[in-house]
Amino acid sequence: MTSTAEPGTAIMSSARKAAGRRRGMGLLAALAKQPKGLLGLTIVGLCTVLAIAGPWIAPLDPYAQNFAQTLKGPSAAHWFGTDQLGRDVFSRVLAGARTSLGIGIGSVVFALLIGVPLGMLAAYRGGRLDFLLMRGIDIMLSFPDIVFALAIVAILGANTQNVILAVGIVSVPVFARTARAVTQSTLAEPYVEGSVSLGCSPLRVMTRHVLPNIAGILLTLASLLFATTLLSASGLSFLGLGTQPPEPEWGTMLGESRSYLRSHPHLATFPGLCLALSALGFNLLGEALRTVYDPAAVNSRSKFGSIFSDLIGRARPTHPKPVRDRSDTAPALKPIETKDLRIAFLPSTNPIEVVRGISLAVEKGRTLAIVGESGSGKSTLLRAVATLLPRQAGIIGGSASISGTELRGLSPGEVQELRRRKIGVVFQDAASALNPVLTVGQQLEEAIRQGTSLSSAEARSRAIALLQDVKIADPERRLDMYPHQFSGGMKQRIVIAMALAQGPDVLLADEPTSALDVTVQQQILVLLRELQHSRGMTMLLVTHDLGLVARYADDVGVMYAGELVEFGTVDEVLVTPTHPYTLALKQSSPGLSEHGNRIRLQAISGEPPFVGRVPEGCPFEPRCHFSRNRGHCRSESPKPRLVLGRKVACHFAEELVDASASR
Amino acid sequence: MRPHLVEDELPETAIVVKDISKHFPVTKGLFSRKAGKPIRAVDGVSFQIPRGSCFAVVGESGSGKSTLARLIVGLLRPTAGDVWIDGRSLCACGEAELRAMRRKVQLVLQDPRASLDPRMRVRAVLEEALHVHNIGTTRGERQSRIETVIRQVGLTFDHLDRYPNELSGGQRQRVAIARAVICEPEILVLDEPVSALDVSVQAQIVNLLMDLQEQLGLTYIVITHDLALVRHMADAVGVMYLGRFVEVGPAAAISSRPRHPYTQSLLSVIATTDPRIEKARDLLILEGMVPSPSSIPSGCSFHTRCPLARRLGEAAGLEAVQTPFGRLPSGCVTEVPAQQAIPDEGTLVTCHFAGPRCARDKNSHPLSSNRRKS
Amino acid sequence: MFVFKRMIAAIPTLVIVSLLVFWFVDLIPGDPARIQAGPMATPEEVEVIRERMGLNLPALTRYAHFLEGIVNPEVAVSLRTGRPISIEISERLPNTLIIAIGGLVVGVLLGTIAGLASALCQGTWTDTLITAITLAGISMPIYWLGLLCIWLFAVHLGWLPAAGAQTWAHFILPILAVATRPAAMFSRLVTASLLEVIGKDYLDTARSKGLSEVQVLLRHALRNSLVASVSVAGVQFGAMLGGSVVTETVFGIPGVGRMLVDAVTRADYPVIQYAILMFAFFFVMINLLTDIATQWLDPRTRQSAGAA
């Protein structure tokens with residue numbers, strides 16, 4: 001999407017890369033890397049050993065009664081003490097592991113084997129089968145699960161097998177629902193459509209493409225569900241409706257201990273502890289699996305400092321105030337100005353520089369377009385100017401200012417004031433820039449009233465005026481509607497109205513139209529241009545489309561790999577480019593193919609460098625037709641200098657000018 | 001390379017689409033009773049494509065162009081009409097036959113990031129295609145086929161052992177193209193093949209597609225919103241609006257002399273990179289947005305946004321009615337326009353007023369003067 | 001309009017549920033009257049019990065009787081005590097509800113506070129500690145936790161009564177015990193939904209309007225997690241009602257859950273049927289209310305529901 005997100009996606013993709021390589025032992029390694037996973041794996045491993053070997057390693061016969069030794073506390077002979085019949089509690093806990101954990105495993109496997117195929121089938125077939133299955137699950141979920149299990153036990157009778165069955169049946173809906181949901185979303189993935197259109201049979205699609213991709217989520221669910229199942233099964237036994245005495249089972253043992261709680265609490269301690277620990281182990285493992293398999297979970301639990309850190313006033317990397325050079329900023333206050341601005345993601349741990357020394361200035365009332373490909377740092381630059389850098393990014397050098405106010409080192413109050421009165425921001429995706437649960441009026445009036453003492457009636461009339469300004473008909477009625485009731489173009493108009501709420505000096509627009517249809521794009525851009533002219537605003541427009549720049553901008557800055565390679569007026573830069581990249585962009589633009597059909601485009605070879613992996617010297621050198629392997633380009637990064645009235649960062653800009661002049 | 005839009009079927013025609021429609025019923029509840037009007041995603045589209053040429057379908061979101069692509073490859077079954085590939089009707093095919101047919105018609109999707117299974121290496125992706133269609137008997141044979149194709153799409157052997165997320169966007173799209181061409185198809189349906197890519201990479205992929213077409217003698221159907229790309233790649237174009245072709249014909253004729261007001265406005269918003277032209281240009285920007293395909297306007301479905309109808313409605317001499325969209329000729333609001341052939345140009349236009357009778361009138365259209373300038 | 005439609009839709013569910021509960025007696029392997037009468041009973045005694053249970057009547061009549069028992073106390077009586085079941089349930093229901101509602105309120109309060117703290121202090125030791133406590137809370141078997149609480153507060157410290165439901169003090173321990181799970185669930189939910197919402201563009205929009213971080217949090221972030229909270233609250237309330245089966249046994253509280261367990265051990269089938277029916281009724285009602293509340297809170301679904 002925006003290039004701001006890219007360092008994040010780079011991190012994500014490396015996580016996915018790990019996920020892609022993950023096979024067998026790799027999964028264990030991935031789990032063991034997380035503290036949660038390591039602890040969970042250890043406990044689960046211990047549980048497995050206990051369940052298999054428990055009855056054999058028990059020092060004493062778990063059934064042997066000894067009426068001389070009843071209800072004794074823990075001692076050297078009986079580590080966990082003895083129970084009311086003089087049986088060794090330690091041996092019974094060990095022997096009970098097999099029953100308790102066995103019930104859990106049995107029920108989960110039962111639920112998995114029935115629920116997953118049902119869910120996948122329902123998702124694949126859809127229609128009536130899906131409807132019936134879902135209604136059936138609804139009916140099952142109309143009973144509290146433990147009550148449902150109780151009913152099954154009441155029908156079948158209380159014993160271990162029936163508890164497995166009862167708890168297993170109760171868990172079927174969970175698996176069926178989840179399997180259905182994840183299968184549905186996987187089936188909607190373009191790669192599934194791709195393999196269908198390739199000619200794969202439905203069976204192959206399900207086994208080769210869907211199942212491997214949902215297996216992780218199902219494994220996660222199985223682990224989490226095992227914890228729940230274990231607790232409910234033992235709960236039944238605790239009530240005397242599961243495993244029957246004298247069979248050792250943790251829940252049954254807890255149930256028996258109730259009568260002796262006052263005098264002999266040790267009886268309740270150990271079986272309960274075992275239950276809680278096993279459940280904890282499987283829960284931990286499930287959580288760790290979730291972090292491995294669910295990319296959303298990885299993303300949300302970001303490691304980079306605390307969110308809302310401003311709120312509690314710490315952890316945000318403090319930006320030292322740059323030394324201000326009075327003589328430099330005093331004379332003409334540029335609406336937008338940056339000087340050698342440098343921005344990095346994760347500045348404290350692993351800095352990835354995405355904006356690498358940008359100096360630019362925009363005169364009042366003009367539109368500066370920043371053009372670049374994904375990863376060029378153009379959106380990060382805009383966000384820095386908008387004081388909206390994401391948490392994990394920070395300015396590490398240089399300065400940026402709005403109407404002469406230096407942005408670094410401002411107090412939160414000053415930042416708010418600046419955002420209210422000076423800056424208006426238009427985002428790329430209007431759908432996500434509006435809060436879905438508030439009406440358009442509420443959101444617009446909020447923007448209007450911030451930091452003012454306007455009454456709500458005044459705010460409302462201003463909101464109506466703003467909607468009229470952005471050419472939305474019937475504004476009174478529209479104010480009470482929610483964002484989802486508007487089309488994409490209308491939403492973007494509302495976002496623009498919000499940006500204009502307090503008459504900002506500068507309007508910052510980040511790819512404002514790339515999510516819109518071609519005909520609507522032009523409506524929005526024409527609107528922006530009209531508003532800018534009538535209000536005398538200065539605009540910073542970030543885009544990837546040279547055609548829009550030619551049509552709507554006054555000045556243009558071409559960004560490549562975090563640097564400004566060419567900066568000047570549109571008329572100069574686009575008519576006679578002096579940087580090879582600008583020229584190549586212009587030539588590869590299909591809009592130019594006026595002259596006829598089926599002519600090859602002049603493509604730029606290679607791809608833009610990855611964020612954080614910018615080559616030495618001139619970053620464009622590997623793709624440049626002009627450098628012709630000259631060593632100078634590889635060793636030394638060109639500094640921006642003035643050529644033909646615009647700033648260019650190329651060692652051989654003059655050659656390019658001569659070459660295009662001679663053509 | 002002129003497409004033949006006449007009714008008689010020619011032997012070198014790769015694909016014939018006749019009166020194809022896809023209506024998605026709006027259903028609710030157990031017994032799938034119909035609730036509300038169906039969504040008419042594609043509504044009576046016909047065209048044929050000569051072997052080895054490139055046909056482009058252009059439209060905005062909601063125009064039904066992606067549905068059309070899925071009808072052609074047989075991922076969706078049409079409500080009415082049929083598709084003939086090499087003279088074989090898709091409707092007459094059973095599921096298994098359809099799967100075999102897919103060897104001939106391959107689909108390349110828009111977003112290469114999502115269209116490759118994240119758990120399969122490039123080699124496995126290509127092997128699957130060979131496996132599914134039983135191409136190559138020995139391991140060595142398949143191996144050499146994979147190596148040929150990977151070089152054809154401009155990748156190296158190292159890329160074979162990578163996962164899709166280890167490739168850049170352009171490389172992924174090359175893999176998607178390799179998967180499509182490895183089973184030696186005759187027709188490629190390209191759904192927005194470059195719009196998810198960076199500007200500098202788009203041109204590479206466009207060139208690659210054009211090279212492959214010449215080398216392998218492929219027939220292309222390009223689905224796109226970008227008329228600029230069309231002018232570059234296509235021999236013939238169908239401009240789609242709300243499930244129908246408003247204008248269809250040779251690409252050269254349509255891009256130099258668009259007849260339908262919708263095509264005219266789509267062409268006018270294509271921007272060149274020359275600011276001197278762009279700043280001077282009068283844009284023909286449509287108002288409003290595409291209506292929902294579940295409630296298609298009466299008469300000519302474009303009348304809610306049509307600049308020509310508004311101009312003619314204001315002019316005297318025509319029977320006109322008042323609508324929420326201004327005063328419009330009553331024919332536009334009530335009558336569905338028929339396709340009319342423009343003589344000498346081979347285009348078909350679906351408009352009451354843009355047909356041959358009014359052809360002379362079109363010279364005075366604001367757009368034609370603009371295009372002269374550029 | 002939507003509320004009405006949704007209520008209508010709940011009726012078939014209730015009918016099917018009641019049929020299932022009714023059918024339940026037939027599923028018991030063997031002859032329920034025989035099981036009821038015990039192995040020593042003579043065939044005549046079994047026949048008397050069969051008559052009393054109405055097992056010799058046609059199925060439809062029995063179903064009608066079963067439904068009649070819901071409104072007419074005289075029709076449905078416990079096999080053990082001979083008292084009308086509806087009276088038994090209505091005597092015990094308040095205890096069950098007090099614990100479930102109390103547990104929900106305490107759980108939501110504690111959980112929200114913990115979740116907020118965890119989200120705001122992402123990555124610090126506070127967050128780690130809360131996450132650990134939360135996980136422990138989810139893994140804790142409530143019957144064991146209950147026993148531990150009784151031992152500590154009633155036996156060891158002697159602050160609170162151990163069992164029974166005579167005074168308000170009797171309810172403190174059960175409420176705290178059942179509140180553990182909802183508290184843990186809510187804590188996770190609040191943290192997760194705040195973290196999810198944190199990357200959303202509309203928070204940046206709010207910031208760019210000049211809102212302070214507190215305003216952004218209150219007006220935009222928390223509000224959007226309300227929808228998810230309501231459905232989790234519904235699920236947790238239902239789970240606590242079901243969990244009363246265990247809780248009331250641990251704390252010796254005369255509630256519906258305890259009654260059900262006793263009925264199962266004593267094979268008192270009419271009581272089992274009506275108790276399960278009651279639980280199911282509450283469950284369906286809770287699902288209905290949560291659905292309506294979430295629909296109402298989320299304008300996106302509200303509108304489409306209104307249009308449909």
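1. **A turn after a helix in chain A.** Helix H15 of chain A is followed by A:Thr387, whose phi is positive, near 55°. The helix itself spans residues 378–385 and is mostly covered. Of its 8 residues, 8 are buried. They include charged side chains by name: A:Lys378 and A:Arg383 both count as buried. The others on the list are A:Ser379, A:Thr380, A:Leu381, A:Leu382, A:Ala384 and A:Val385. Bear in mind throughout that this is a predicted model.

2. **Confidence in the complex.** The predictor gives the complex an ipTM of 0.85 and a pTM of 0.81. For chain C, the average pLDDT is 83. In that chain, 96% of the residues score at least 70.

3. **Where to be careful in chain C.** Which elements of chain C have the lowest and the highest mean pLDDT? Helix H13 (residues 299–307) has the lowest, at 54. Helix H5 (residues 85–120) has the highest, at 89. Over residues 304–308 of chain C the pLDDT is below 50. Beyond near neighbours in sequence, that stretch has 4 contacts in the model. Where pLDDT is low, the predicted coordinates should not be read in detail.

4. **Chain A overall.** Chain A has 663 residues, and 53% of them count as buried. Its elements are 27 helices and 12 strands. Take the contacts in chain A between residues at least 6 apart in sequence: 68% of these join residues at least 24 apart.

5. **An open sheet in chain A.** Here 4 strands form an open sheet, in the order E2-E1-E4-E5. The pairing is antiparallel. Why is one side of E2 and of E5 left without a neighbour in the sheet? Strand E2 (352–362) and strand E5 (405–406) stand at the edges, and each has a single partner strand, so one side of each has no neighbour there.

6. **The E1–E2 pair.** Strand E1 (residues 336–345) of chain A is joined to E2(A) by 8 bridges, and the two run antiparallel. One residue pair to look up in the structure: A:Ile343 has A:Val355 in E2(A) as its bridge partner.

7. **Chain B overall.** Chain B holds 15 helices and 16 strands. It has 374 residues, of which 52% count as buried. Of the contacts in chain B with a separation of 6 or more, 65% are between residues 24 or more positions apart.

8. **Chain C overall.** Chain C has 13 helices and 0 strands. Read from the N terminus, its elements are α throughout. The C-alpha atoms fill a box of roughly 85 × 60 × 30 Å along the principal axes. Buried residues make up 44% of the 308 residues in chain C. Among contacts in chain C between residues at least 6 apart in sequence, 69% join residues at least 24 apart.

9. **Which chains touch.** There are 2 pairs of chains that touch, and chains A and C make the most contacts. Chains B and C are not joined by any contact. Their closest C-alpha atoms lie 10 Å apart.

10. **The A–C contact.** How many residues does each chain bring to this contact? Chain A gives 70 residues and chain C gives 67 residues. By class, the chain A side has 42 nonpolar, 16 polar and 12 charged residues.

11. **The A–B contact.** Here 60 residues of chain A are in contact with 60 residues of chain B. The chain A side divides into 24 nonpolar, 22 polar and 14 charged residues. Several helices of chain A give two or more residues to this side, among them H1 (6–21), H5 (127–140), H9 (202–238) and H22 (518–535). Helix H8 of chain A gives the most, with 7 residues.

12. **The nonpolar core.** The largest nonpolar core has 368 residues. Those with the most contacts inside it are A:Leu150, A:Val153, A:Leu540, B:Ala56, B:Ile221 and C:Ala275. The largest share of this core, 16 residues, comes from helix H4 (residues 89–125) of chain A.

13. **A core residue in chain C.** What does C:Ala275 touch, leaving aside residues up to four places away in sequence? Its contacts are C:Ile89, C:Val256, C:Met259, C:Leu260 and C:Ala263.

Key:
Residues numbered from 1 in each chain as written. Chains lettered and ligands numbered in written order. Predicted model: local features only at pLDDT ≥ 70, side-chain atom pairs only at ≥ 80, totals over all residues. Contact = placed C-beta atoms within 7 Å. Nonpolar A, V, L, I, M, F, W, Y, C, P; charged D, E, K, R; others polar. Core = buried A, V, L, I, M, F, W, Y, C linked by C-beta atoms within 7 Å. Buried ≥ 20, exposed ≤ 12 C-beta atoms within 10 Å, placed from the backbone. pLDDT = per-residue confidence, 0-100. Pairing = 2+ DSSP bridges.
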